[in-house]
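I am opening a fresh page for a structure that is new to me, and I will write down what I look up as I go.

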Amino acid sequence: MGGGGEMHNPFDIFESFFGGASPFGGGSSRGSRRQRRGEDVVHPLKVSLEELYNGTSKKLSLSRNVLCSKCKGTGSKSGSSSKCTGCHGSGMKVSIRQLGPGMIQQMQQICPDCKGSGETVNERDRCGQCKGEKVVQEKKVLEVHVEKGMKHNQKITFAGEADEAPDTVTGDIVFVLQEKEHPKFKRKGDDLFYEHTLTLSEALCGYQFILTHLDSRQLLIKSQPLEIVKPGQYKAINDEGMPIHHRPFMKGNLYIHFSVDFPESGALTLDQCKALENILPPKNSQQLTDMELDECEETILQDVNMEEEMRRKQQQVRQEAYEEEDEAAGGPQVQCAQQ
C-alpha cells in the first residue's frame, strides 16, 4: 500500500482468473457475478434461386430450453439453493500446474457438479416439473423472412431465441442461407448467367426463343437482322439480373452465354457441302502444286478429349516419379565383407 493510497484486495488477481471466486474458498468482494452469455444456435437454411429472387417466408419448428415456470429457474420447490462446494459458486473449476520456475499453467472448465450454475439443489427440494434441472423443453415456431436479393451464406438472426439458462444472457438463433444449384441460371453477385445453345443455322441466319425467368415471366430473345453469333459469345439484358438487397427495385444484369451446336461428321452430303461453298466466303486454304504435295508427309488426324488426355498424362508423370523413387530406394548397397 502506497502512502495515502487505497488498500487493495489481495485476492483481486485470483478473482480475475477464477471469475469472482477465491481459490481459497472465500467469496468475491465485488458483489454478484457477471452473467455469462449463452451460445448461439446456428442452422443452415436451404433456399432456391427463385426464392432469393422473389423473396419468401419459411416457418420452422424448433425445440429449445426455457426457464422452468414453476420454480422460476431455481430448480427447487422452496426457491432456495446452496452454493456449489465443487466450484465455490463460480460455476467453473480451475486447476493450476507448475511448469517451471516462475511459470504456471491455468486450466478452466465448467463445473460438472452444478453444470456451470454455481448452485446446487437438495434432492428432496427439487422441483417436480424440471426435476431440479431449472429448465424445460419448449417447441417454438419461427417465421424466417428471406428478403429479395439475399445471398449465399447470408445470416438471418433471431436475437435471444436460443436456449435459456439461469444467470445467463440468452444467445441468438442464426439461420445461414444455403443457395441450391439451379439447372439453368448461375448467380454471380447481383448478375445472372444463362446458358443457351444455338444450331449452326440459327447462329448464321438468326434465332428466336422464349426464356422463362425466375419470377415465371416469359422473355422473348431474338437476334438482329443479318446478325451472326460466334461460339462462346455473350449478350446482356440490362436490369434483368438479381434484385439488389435492400434496393429490390434495382437489379443486376442478365447475361446469355451462347454455344453453337455444329453438325456431326457425315451429316452433310457432298451436294450440300458444294452448295454451302458457293454461299459462304471462299476458303482461306492455300493452293498447293503436285510437286509440293509429293514432298509432304501425309498425316492422320484423330478426335481427342483434351480433359481426358491431360488427366492421362498427369497419371503417367506420377507413375514415372514413383518408379524413379523405387529404383533409387532399391539401388545397389554397400555391404561389409564377411571374415
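The entries below cover the cysteines, the core and a patch on the surface.

**Cysteines.** I note at the outset that this is a predicted model. I looked for disulfides and counted 0 of them. I then asked why cysteine 71 is not bonded to its closest cysteine. Its sulfur lies 3.6 Å from that of cysteine 68, which is too far for a bond, because a disulfide needs the two sulfur atoms within 2.5 Å. Cysteine 84 is likewise in no disulfide, with the nearest cysteine sulfur, that of cysteine 87, 3.8 Å away. I also checked accessibility, and found that cysteine 71 is buried at a relative accessible area of 6%, while cysteine 84 counts as buried at 2%.

**Core.** I turned next to the largest nonpolar core, which has 33 residues, and where Val146, Ile156, Phe175, Leu177, Phe185, Leu192 and Leu211 touch the most other members. Strand E19, residues 254–261, gives the most to this core, with 4 residues. For isoleucine 156 I set aside the neighbours within four places in sequence, and listed contacts that include Val144, Val146, Met150, Phe175 and Leu177, along with His145.

**Surface.** I finally looked up a nonpolar patch on the surface, formed by Leu204, Ile228, Leu268, Leu276, Ile279 and Leu280, whose accessible area together is about 540 Å². Is leucine 280 in this patch buried or exposed? I found that leucine 280 counts as partly exposed, because its relative accessibility is 42%, and I placed leucine 280 in the loop between helix H4 (270–279) and helix H5 (290–294).

Terms used: Residues are numbered from 1 along each chain as its sequence is written. This is a predicted model: local features need pLDDT of at least 70, side-chain atom pairs count only at pLDDT 80 or more; totals for chains, interfaces and linings use all residues. Side-chain values use heavy atoms; hydrogens and water are left out. Patches are made of residues with over 30% relative accessible area and no salt bridge: like charges are joined within 9 Å, nonpolar side chains (Val, Leu, Ile, Met, Phe, Trp, Tyr) within 5 Å. Accessible areas come from the Shrake-Rupley method with a 1.4 Å probe; for residues, only the protein chains shown count as cover. A salt bridge is a side-chain nitrogen of Lys or Arg within 4 Å of a carboxyl oxygen of Asp or Glu. Helices (H or I, at least four residues) and strands (E, at least two) are DSSP runs, numbered from the N terminus. Buried means under 20% relative accessible area, exposed over 50%, partly exposed in between (1.4 Å probe, protein chains only). A nonpolar core is a set of buried Ala, Val, Leu, Ile, Met, Phe, Trp, Tyr and Cys residues joined through side-chain atoms within 4.5 Å. Contact means heavy atoms within 4.5 Å.
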